[in-house]
Amino acid sequence: MASVTLRRLSKSFDRTSQPALQELTLEVRDGEFLVLLGPSGCGKTTALRCIAGLDEPTDGQIMIGERDVTHLAPAARDVAMVFQNYALYPHLTVRENIAFALEMRRVPQAQITRRVLETAERLGLRALLDRRPAQLSGGQRQRVALGRAIVREPQVFLFDEPLSNLDATLRPEMRGELLKLHRQLRATMIYVTHDQVEAMTMGQRIAVLHEGRLRQLGTPAELYERPADVFVARFVGHPGMNVLQGRGTRKRERTRAVECGSLALPVALPQYDGEVQLGVRPEHVALCPPDQGAGNADVLVVEPLGSETLVHLDAGGQPLVAKVAGIARVAVGDRVGVQPDLARLHFFDGSGARLA
Amino acid sequence: MSTLRRWRAVAGAVVLLTALATLAAARRAAGRYTRATAERLAATTAAYVSLVSPALRGSSDYSLPRLLIQAHALRLLAGWDPDFEVYHGTAPLVEATGRSLTPAQFEDLRRRETVRWIGRRALAPLRDRDDWDVVGAVAVAAERGRVALPDALAVGALVLALLAGWLVARSVGGGGRAGTPGGLGYAAAALLLGLAAYGEVRHAAAAGTERWLTQTRLLVQEAAQRLPAADASTLAVGLGRIARSAPGAGGQLTVGDSADAAVRFERRGGQARAVVVARVGPGRWLALAASPAQAVTESWLALCIGLAMLGPLGLWALGWAARERVRPQRLRETLTAWGFLAPATAHLAVFSFAPILFALVLSVHHWSLVGPEKLFVGLDNLVQVARDPLIWLSLRNTALYTLQVPVTMALALGVALVLHRHTRLVWLARTVFLLPYVSSVVAIALVWQWMYRPDVGLLNHVLSFIGVGPVDWLGNPRTALLAVMLVSVWVQVGYQMVVFLAGLQGIPRAYLDAAVVDGANAWQRFWKVTFPLLKPVTLFVLVTGIIGSFQVFTYIYVLTDGGPLHATDVIVYRIYQTAWEFLQFGYASALALVLFALLFGVTWAQFRLLGRRVDYA
């Protein structure tokens, strides 16, 4: 097992377009499950391919353990990768697929047989060993792809959105299995996804990437509670954080407030000059009768989900989502009062960076 | 309900009209044979008259009194029954009070010198003794009574077809579906009607041939008596003109053996003949033979059955339309679909299926393209194919030639692998490699012919630098096939490379990425991943390559003509030569059939052996 360290890693595919990765510095600890999270095109897959050795970085350094592997061939890095569409060789059986990497490395045949059987046992693939990928369900293929990685006992596992091709109902199950596997193997795993639910539920730490840059690195709780900027705030959580454009005002000596659309929030700010962006999670927005909260808003859409209801509001031209427990008794077109939890507000400056 | 009644009325009309049309076509065909017989008898009679009538002294025209006597004598000839007339100039001789020819009719006959029709009478030109000018005419009337009534079988079939058709027509638009016992019964009855109609045609054809033979036999015997006594072979030559005079009869007169006066059918030298024996003197016999008209009546069979089957087909279509009319949307869609399919279907039918069927028919016949006769020989052609050493040689050459396919494939795959990596070069290289494939085959062959020339060819010139002596590439039996194969490789590589390139680009990148991470080197990646995934493409290229290789012709035709010493004689070249140089179309068709069977077998085997694992997800 080993740690993975990226130092100022950059990657450009051609000179004209924006680089896919810009000076990414990241340390993945030995035995850690780290999630690279970001929207498509953020560079997370590029980072993974650079670690695997499938793409060569334009600049920077990659260390696995104490080894500098930046210019090593993929085979020499001792990493295993699970691909988004599994990349199971269609002309080989499950057994041959799992054994492929060992055979390429000329592992003795007896050992191959034993390790393939062990792996199949662990993943519940014993009965499927002689089938071809085309005869497997999505979940089974996923397991075979995992088996192909596990059987090699590599230092580092790389996952490239491995669950995105699965049915929504299968995903929670596979998430659990992956985590169980991580506990058993105690291996270093780097997991790329664009699904923040996967990231939050699986990652010990999450690295949020956007436009080739690292935006925040932290535990799921840190990301949720103290997002480093507006992008992370909006990207993490479901639905994402409300971000309102506001302007601080100083009415009298003691009552200072931030005005955002139709809301006026009496909060203390270090300074009140210029624009401020105010973030509040939907679950921290309460609804009340008109004129009793921080301001009024019009109901645009109501999404009852059973245990909770999402109420989309128009607060003086600014969109605002409130997540209310149970079924909310509001109708489209109603005017309601809005009361955000003042203790759980987030402030960002005009460029999106967190204030305090 | 009234709409349904109208459908059924139309169906009834279809039944009636197709049945009558079948019989009418048969009647027309029979009439044509009757008229052909009249034409032949007129021409034969003219030849007879010309032979037995002496000329005027100092002229090539006949002596009118002698001509008159011969004409009258003919009427009194026992057994001679045609309704005929002999004209000298425009004047009738047999019935002097009969109508004479108009000068215009006579002039027409003189100018065209072939049998003309005036009313119901065939008019053959009567030529002078020197066979130089037309001096008169012989008219023979077409028989009337012979084909007046259809025979019992035809009448029975007609009644049966009408009855079955009426039963089916009555239920058009009802619940019944196509292929019901009623419909099948009608189809069977219609088939019977078509066969009966064809039977009439065949009967008329046979009757015509027989009548010409029996009547001409009388003329031959009569003419022999009027000529100075001679032996049989002299007579056969002297009277040969009578037999040969009839247009299209294929008449021949040879020395024969004694026999009774009946017409016999026999086959001699692969040719069916109808023969009758004439006694031309004590112990002297001549055999008069003709091509039996009934041997070449296949097209009438097709026509009669085709017309008769129009009834069941029409009723089937009507029944379908009547059932579908309650769903006009679907009816319209189906009709539209067929409308779109029609041009392609018609094209395929006319230019593919029909020739295939024709080749199938030809393969069991002897046919020389120039003669009208196609003699049925069954499997004789195939037996001959198996016994022909040249065929076996050409098969061996074809198999050897096919060895160029794997070579080409290996080269093409190699080039494709190189180009697949270098994306910038692909466009240019692909074009360059594909150019030979899209160029004119003959032009390429001519260029290579020049390159292969032993004296000024490029190849020998280049080889002379490394001290390899001049080789007559195309003239040496050892190198000729190899030289042609080289041209084929050169042409095919580009095409196969483009196909392989497309196949390579169709392999998802992830498979190769996975193999890289799994530690496979380039060699392993190719053999373990790329090549297995290319299997469908490889199979396609292999199958099309082998088929194309079996069908090679143009390079052989232009470069070597199958030579030297049959060293490049391949099966298609053999087919070509058999058909178009030796004019043995039946034999060539049988060969083509053998080629088809071979290709079918080879392709089937390839799919069985290699295609088993092609169907992955």
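What follows is a short chat about a predicted model with chains A and B.

Visitor: Let's start with chain A. How many helices and strands are there in chain A?
Guide: Chain A has eight helices and 20 strands.

Visitor: And what share of chain A is buried?
Guide: Of its 356 residues, 41% are buried.

Visitor: Which sheet can I look at there, and what is the strand order?
Guide: Try the open sheet of four strands in chain A. Its order is 2-1-4-5, and the pairing is antiparallel.

Visitor: Which strands are at the edges?
Guide: Strand 2 (21–28) and strand 5 (67–68) of chain A. Each of these pairs on one side only.

Visitor: What holds strands of a sheet together, in general?
Guide: Backbone hydrogen bonds pair them, either parallel or antiparallel.

Visitor: Back to this one. How many bridges join strand 1 to strand 2 of chain A?
Guide: Five. Strand 1 covers residues 4–11, and the two strands run antiparallel.

Visitor: Which residue is the bridge partner of A:T5?
Guide: A:E27, in strand 2 of chain A.

Visitor: What packs on that sheet?
Guide: Helix 1 of chain A, residues 44–52. Helix 1 touches strand 1, strand 2 and strand 4 (59–64) of chain A. Its direction makes about 120° with that of strand 1.

Visitor: New topic. How many residues of each chain are in contact with the other?
Guide: 20 residues of chain A are in contact with 16 residues of chain B.

Visitor: Which elements of chain A give two or more residues to that side?
Guide: Strand 6 (79–82) and helix 2 (94–104) of chain A.

Visitor: What classes of residue are on chain A's side?
Guide: There are 16 nonpolar residues, two polar and two charged.

Visitor: Now chain B. What is its secondary structure?
Guide: Chain B comes to 22 helices and 11 strands. Of its 617 residues, 37% count as buried.

Visitor: What about contacts between residues far apart in the sequence of chain B?
Guide: Take the contacts in chain B with a separation of 6 or more. Residues 24 or more positions apart account for 70% of them.

Visitor: Tell me about helix 13 of chain B. Does it lie in the open or is it buried?
Guide: One of its 16 residues is buried, so helix 13 lies largely in the open.

Visitor: Where does helix 13 bend?
Guide: At B:A429, by about 30°.

Visitor: What span should helix 13 have, and what do its ends show?
Guide: Helix 13 has 16 residues, 423–438. At 1.5 Å a residue, they should span 22 Å. The end C-alpha atoms are 23 Å apart, which agrees.

Notes:
Residues numbered from 1 in each chain as written. Chains lettered and ligands numbered in written order. Predicted model: local features only at pLDDT ≥ 70, side-chain atom pairs only at ≥ 80, totals over all residues. Contact = placed C-beta atoms within 7 Å. Nonpolar A, V, L, I, M, F, W, Y, C, P; charged D, E, K, R; others polar. Expected span 1.5 Å × (residues − 1). Bend = angle between axes of the 7 residues up to and from the residue. Buried ≥ 20, exposed ≤ 12 C-beta atoms within 10 Å, placed from the backbone. Pairing = 2+ DSSP bridges. Axes fitted to C-alpha atoms, helices over the stretch in contact; angles between N-to-C directions.
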